[in-house]
Amino acid sequence: MLLEARGIVKTFGNVRAVDGADLAVEEGELVGLIGPNGAGKSTFFDCLAGNLAPEAGSIRFAGLESTRLSPDRHARLGLARTFQVPVVFAGMTVLENAMVGAFLRHESRARAAQKAAEALEFTGLAGQAEMPAAALGTAGRKRLGIARALATEPRLLLLDEALAGLTSSEIETAIGLLARIHARGITLLVVEHIMEVIHRLTRRVLVFHQGRVIAEGSPAEVTANPEVIRAYLGRRAKRGEA
Amino acid sequence: MKALFPRAGFAAGALLLFAAPFLTANPFYQRVAALTLLAAISASAWNVIGGYAGQVSFGHSVYFGIGAYAALLAYAKLGWPPIAGLPFGIVASFALSIVVGLPSFRLRGHYFSMATIAIAALAGILVTNWDFVGGAIGVMGPARARSFADLLFRSSLPYYAIFLCVLAILLLFTRLLQKSRMGFYLRAIGSDERVAQSLGVPVRRYKLYALLISGAFTSIAGTLYAVMVGFVDPNSGFGILISVNMVVMAALGGAGTLFGPLIGAAILVPLGEATNALWGARGIAYVAYGVIIMLLARFSPGGLAELGRFIVKGWRRRAA
Ligand SMILES: Nc1ncnc2c1ncn2[C@@H]1O[C@H](COP(=O)(O)OP(=O)(O)OP(=O)(O)O)[C@@H](O)[C@H]1O
Ligand SMILES: [Mg+2]
């Protein structure tokens, strides 16, 4: 097992954002994580990547107890992530952004630049390498987030809504990119709202609701699961009232 | 041509900087020139932590004061030439960086900035009430040179030359830093700590490195000041204005750029000295500071460096 989490709990005041969540991902898998807004997916990611310390539960990554390790230790062990709201290092060029990731495994500047250029090439950003990163639009920023993470040469990549806010043609490109990342042997755990993307990319999906996994299976199985339907509909019904 | 231009411009600038005070026989101008370089050293040192790493210190006067007191205490207590206090100042600056940095860099946000303000206030009070270091009266350097090592000169030109060497070393060092992994890491931290850390940057450790470097060079500036002026008291060593000067100069020229702090110092020091000489009042300089800070915040948060880049870009676009 590459990543294994048991009984993770994380609360904010009296909001139980993650409430006893379990997860297991095998090396080489591409796992989807879906769930209604506010289900706790991003908070769960923060726990898995070391950005937040869970109040209960334990996480093992790459054979190590990783629950309390810092995000940079996670990165060193081979866990990379993107953030739901894409942030770029605004004072740097696109290439320099990717170099920050590449420096993790390559101290020499020339070597880091080369590795970063490869990551940009792979993600289709090679043409914008010398552009200020701040000049990128949403699609470009999301891709740069992925390129930067890839430049750390990870074993596992956590993507938090990497495709949200993209146009349909950009989504096509992004689906192709995720498939190519997976084909390179990188394990992927992706949070995604767009069901079509989940159907096309993954064989195994976890459904998150109120801080825990309520269903698991193939995309077809979970979308037919009455509990899952209730979770999504319940949310919608509540919104309808408001 | 494009590639040649910055290099030629750089060489011309360096030459001018070196020759400038030798072109005038006026001791006032020479002194202003030397003080400008000294301020540029402080502001460039501040820039490592405050500019590149984005951790704004409002208490760097403490490092300056440590360096200045180390020099004059080495003379007053041990009878050494003031410059011999330099390594003591550096060691003390390291200790301070660890004491301030270790706890405050644990936390994200403005804790570090607040800690620097508190430390600066405390240090001022401590020094004022500590008789061993001269209390409110301060410490004097040698009245006349016992040997060359006292570095006591009537003219400001020798000081100018010394400061220029130190500034050159500091800027060269900063340039190397900028190009290295550490430079990238500091800029990443300054831009977004959370993302930097997720890319494998050990944020806390690198902030501490930056503070150690920044503090050490600031203490060197303090030592040089004490060597030149031959006197330091709590206000001229630990005064809040010293910290403010570093921040404003770096911000005016461009924080996080190589030459920004030097540019800021080259504008503000002559301005301050001129208003002081003309009207005998420092107050005017403060008003000017306020106006500069407001204009910067409104029009060019990246300082003159950003403004310059913007203008050059527009000019190139027109030419093309
Ligand atoms: N830093 C925080 N402080 C307080 N509450 C938070 C914080 N972060 C998240 N929450 C709350 O925790 C719950 C889970 O949020 P989270 O962002 O993890 O959900 P999500 O599944 O990622 O939702 P979305 O699909 O909208 O991204 C929400 O109720 C949210 O308001
Ligand atoms: Mg989310």
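Which helix of chain B is B:Leu307 found in? Helix H14 is where you'll spot B:Leu307. Keep in mind as you click around that this is a predicted model.

Let's stay on the outside for a moment. B:Leu307 belongs to a nonpolar patch on the surface, and its partners there are B:Ile263, B:Ile267, B:Leu304, B:Phe310 and B:Ile311. Taken together, the residues of this patch have about 530 Å² of accessible area. Two helices of chain B, H12 (260-279) and H14 (303-319), each put at least two residues into the patch. H14(B) is the bigger giver, with 4 residues. So how does B:Leu307 itself rate, buried or exposed or something in between? Its relative accessibility is 34%, so B:Leu307 counts as partly exposed, given that the partly exposed class sits between under 20% for buried and over 50% for exposed.

Now for the inside. Searching the whole structure turns up 3 cavities of 30 Å³ or more. The largest of them holds about 140 Å³ of space. Its lining is made of 18 residues, and the ones closest to the centre are A:Arg81, A:Thr82, A:Phe83, A:Gly145 and A:Arg148. If you want to see which helices take part, look at both chains: helix H5 (138-150) of chain A and helix H8 (193-198) of chain B each supply at least two lining residues. H5(A) has the largest share, 5 residues. What about the chemistry of that lining? By class, you get 8 nonpolar, 4 polar and 6 charged residues.

Next comes the second largest cavity, with about 60 Å³ of space. Here the lining is drawn from chain B, and the list runs B:Ser57, B:Gly59, B:His60, B:Val62, B:Tyr63, B:Leu96, B:Val100, B:Phe112, B:Thr116, B:Ile119 and B:Leu211. Three helices of chain B each supply at least two of these residues: H3 (61-78), H4 (86-104) and H5 (111-128). Which helix gives the most to this lining? H5(B) does, with 3 residues. As for class, this lining has 7 nonpolar and 4 polar residues, and no charged ones. Set that beside the largest cavity, where 6 charged residues take part in the lining.

Key
Residues numbered from 1 in each chain as written. Chains lettered and ligands numbered in written order. Predicted model: local features only at pLDDT ≥ 70, side-chain atom pairs only at ≥ 80, totals over all residues. Heavy atoms only, no water. 1 Å grid on protein atoms, 1.4 Å probe; cavity = no way out; pocket = protein on both sides within 12 Å on 5 of 7 lines; lining within 4 Å. Points joined across faces, edges and corners; volume = space filled by probe spheres on them. Nonpolar A, V, L, I, M, F, W, Y, C, P; charged D, E, K, R; others polar. Patch = residues over 30% accessible without salt bridge, like charges linked within 9 Å, V, L, I, M, F, W, Y side chains within 5 Å. Areas by Shrake-Rupley, 256 points an atom, 1.4 Å probe, with all protein chains shown as cover. Salt bridge = Lys/Arg side-chain N within 4 Å of Asp/Glu carboxyl O. Buried < 20%, exposed > 50% of the residue type's maximum accessible area, 1.4 Å probe, protein only.
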